[in-house]
Each structure stands twice: as C-alpha cells, then as structure tokens.
Amino acid sequence: MRLWNAVACTSVLCGLMALSGCSWTTDTPTAVTQEAATRTEIDRTGTSVTMPSHPKRVVILNTANIDMYLAVEGTIVGRMDAASLSGELKDKVKDIPSVGNTYNPDVEKIISLNPDLVIGMNIANHIKLREALTSANIPLYINDLDSFEDVNRSLQLFGELTNHEDISKKEIENIDQTFTMYKEKIKDKPHPKALLLLGTPGNLNVSTDRSFSGKLLDSLGANNIGKNIGGEAPYVPLSLEFVQEQNPERIIFVVMYPDPSIKESFVKEMQSNPAWQHVQAVKTDQIHYVPGGLFALNPGTRITQTLELMYKALYE
C-alpha cells in the first residue's frame, strides 16, 4: 500500500511538473523553468510581432539593420543586394544569398530561404510583404530607424535576439561615449545656422527636423533651417528664396553617389547662380560634402563616423 502511494505521488508530481513546463532530474531535485520559445515586440507600424526568442534563420532587408545585427555577432541567411552595401559590410555578406534590392525585395526568394524572422524598415515595399510572409508563417518586424536613439534601442533588441547582450552593451556604451564627447565639445560653442542638402544638382532637397540627419543636426546643437519649413515631410524641394531668407552659415551637402561629377556640378551651380552668392556659407566657403551612406539614412553602428563628420562640418 505504501509502495502504491509513493508511485502514485511520484506520478502526480511528474504530471504537475510537465503541465507547468518544468523538468526534474535524478541529479538534482530542483525544478528548472524552460526558456520561452518566443517573444512579442511592437514594431514601427504598431503591429504586434511574435518571433523566436533566438531566431536562427534571419533575413534582413536594409543596410543599417544588417550592420547592427552583425555587430552583435548575429548570423543571417538572406539580405538585400550587396550593391547597396559598402566596404567591410559588403565583404561580410558576399556569400549570403540576396533577396533583391532594398526597395524591391523578392518575396518568393525570401520565403524560399525558410526564415524564422524577416527584419525590414519603414517603407511601403517592406510593409506590404507582411501578408505573404504571414501566410507562410514567417514573422516580419519593421524596425524604427528614425533617430539617434533608435540605434541603441535596435542594438539592445538584436543583442537579446542573438543572445549576445554583452556585445550589444559594449556597442551602446561606445556610441554613448562618442555622443557625450561631442555634446561636451559643443557646450560653449555658438550654434551655427545650417542647411543640409540631399540629392543631385537640379533635384536637391532640404533636410527638415523630421529626417534622421535633421534630428542629428539638432542633437549637435545646430540651428537647422529646415525645421522652419514646417510640415511632416523629412525632405522638401530646395527653394533658393528660402535659403537666401534664412542665410545659413554652414551647408552640408550629402553626396548620394561616389561620383566626383556630382560635387563638381553643385560647385558650378553655386558659382554661376547669383542667388547663391549672397548666402553666408557660400561667401565664407563653409560648404561640406559628406557621404550618403552615413547621412541619408540611419547608418547603424557607423553613427560614430556620422557624428565626427557632422561635428567637423558644423564647428571646424
């Protein structure tokens, strides 16, 4: 009778442990809670996305997310066309299958890679993938990359997904230290009126305070004249009348393509158009050229380089 009671009690105990998600071994009587298989995050679109706690097959559709995911030693099985990448990052992903251009991803190629998570950015061609991916039971996470703060938030999330939170912490500390250094350096400096232009001659746009680079101008103490335009758009077409009226002291020209002729064309335009000649930045030759890869969109961990170039363009 006692033996039956012991067996019965053991059976009941094991059953309860199974129901509660715990395990028990003969080596130790301690119950161990099993790690959650999934986690849920709210993405940039407000969508609740359930994904693996530690995904193994990740496809990433844009440069900044790839940069940050690899920075925390994550691995990916698919990425956008390497032509959109540059330097060291391009070399890192050269053997990883492409799923098309950043702005035109191929959903069939994505699905064929059998990913357990797809990470994109907040553009229509990424968001519209959700229906097809959901039908294939593939979660799509649209990451917010609109500000400086989004870099650290993304690194923290990616560190958790890759189980390398120690690495993400170091990356975040490095970025914070760089940002703090430049904030300290500008503390007693006058804040220049700045114009940030993006595009090509004949098709130039002004960066407002709604754009990533416009927000960064504010973070480094500049008086971004683009914020005086108003509205919700991150970029608006250039108006020379507006530039003359605002009279910026510094002009930062974002060169979208590594083509010397773009800079040369802009210089010729300023030299030949009298409207530019009365602008303070032109008269004092305070026109600075910076790469699109670091300024047009969120550059990920390379934001330390962006901060350095922006500081030099504004204060040196």
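Biologist: Which residues point each way from strand 15, and are they buried or exposed?
Modeller: In this predicted model, strand 15 spans residues 250–255 and six of its six residues are buried. One way point R250, I252 and V254. The other way point I251, F253 and V255, and the residues on both sides are buried.

Biologist: How many bridges join strand 11 to strand 15, and which residue of strand 15 is the bridge partner of L198?
Modeller: Strand 11 covers residues 193–200 and runs parallel to strand 15, with six bridges joining the two. Within that pairing, the bridge partner of L198 is V254.

Biologist: How many bridges join strand 15 to strand 16, and which residue in strand 16 stands opposite F253?
Modeller: Strand 16 is made of residues 287–291, and five bridges join it to strand 15 in a parallel run. The residue in strand 16 opposite F253 is Y289.

Biologist: Where does Y315 lie, and is Y315 buried or exposed?
Modeller: Y315 belongs to helix 15, residues 303–315. Buried means under 20% relative accessible area. The relative accessibility of Y315 is 12%, so Y315 counts as buried.

Biologist: Which residues does Y315 touch, and what separates the C-alpha atoms of Y315 and P190?
Modeller: Not counting residues up to four places away in sequence, Y315 touches I186, K189, P190, H191, P192, L220, G221, A222 and R250. R250 is also a residue of strand 15, one of those buried there. Y315 and P190 are 125 residues apart along the chain, yet their C-alpha atoms are separated by 8.6 Å.

Biologist: Which residue has its backbone oxygen 2.5 Å from a polar atom of the side chain of Y315?
Modeller: The contacts of Y315 include L220, G221 and A222. The backbone oxygen at 2.5 Å from a polar atom of the Y315 side chain is that of L220.

Biologist: At what angle do helix 8 and helix 15 pack?
Modeller: Helix 8, residues 165–185, has its axis 9 Å from that of helix 15. N174, I175, T178, F179, Y182 and K185 in helix 8 meet I303, T304, L307, E308 and Y311 in helix 15. The angle between the two helices is about 10 degrees, so helix 8 is roughly parallel to helix 15.

Biologist: In what order do the four strands of the open sheet stand, and which of them are at the edges?
Modeller: The pairing in this sheet is parallel, and the order is 6-5-9-10. Each edge strand has a single partner, so one side of each is left without a neighbour in the sheet. The edges are strand 6 (78–79) and strand 10 (140–143).

Biologist: Which helix packs on the sheet and touches strand 5, strand 6, strand 9 and strand 10?
Modeller: The direction of this helix makes about 140 degrees with that of strand 5 (58–60). The helix is formed by residues 63–71 and is helix 2.

Biologist: Which residue in strand 10 stands opposite I119?
Modeller: Strand 9, residues 117–121, pairs with strand 10 in the parallel sense over four bridges. Helix 7, residues 148–161, lies across these two strands and runs at about 150 degrees to strand 10. Opposite I119 in strand 10 stands Y141.

Biologist: What is the relative accessible area of R130?
Modeller: R130 is found in helix 6, residues 130–135. Leaving aside neighbours within four places in sequence, R130 is in contact with D43, T45, T47, V49, L140 and I142. R130 is buried, with a relative accessible area of 17%.

Biologist: What is the mean pLDDT of the protein chain, and where is pLDDT below 50?
Modeller: The mean pLDDT is 88, and 88% of the residues reach 70 or more. One stretch has pLDDT below 50, and beyond near neighbours in sequence it has 14 contacts in the model. That stretch is residues 1–34.

Terms used:
Residues are numbered from 1 along each chain as its sequence is written. This is a predicted model: local features need pLDDT of at least 70, side-chain atom pairs count only at pLDDT 80 or more; totals for chains, interfaces and linings use all residues. Side-chain values use heavy atoms; hydrogens and water are left out. Two strands pair if DSSP finds at least two bridges between them. Contact means heavy atoms within 4.5 Å. Axes are lines fitted to C-alpha atoms, for helices over the stretch in contact, and angles run from 0 to 180 degrees between N-to-C directions. pLDDT is the predictor's confidence in each residue, from 0 to 100. Buried means under 20% relative accessible area, exposed over 50%, partly exposed in between (1.4 Å probe, protein chains only). A polar contact is a pair of N or O atoms within 3.5 Å; within protein, one must be able to donate a hydrogen and the other to accept it, and residues adjacent in sequence count only if both atoms are side-chain atoms. Angles under 35 degrees count as roughly parallel, over 145 as roughly antiparallel, 65 to 115 as roughly perpendicular and the rest as oblique.
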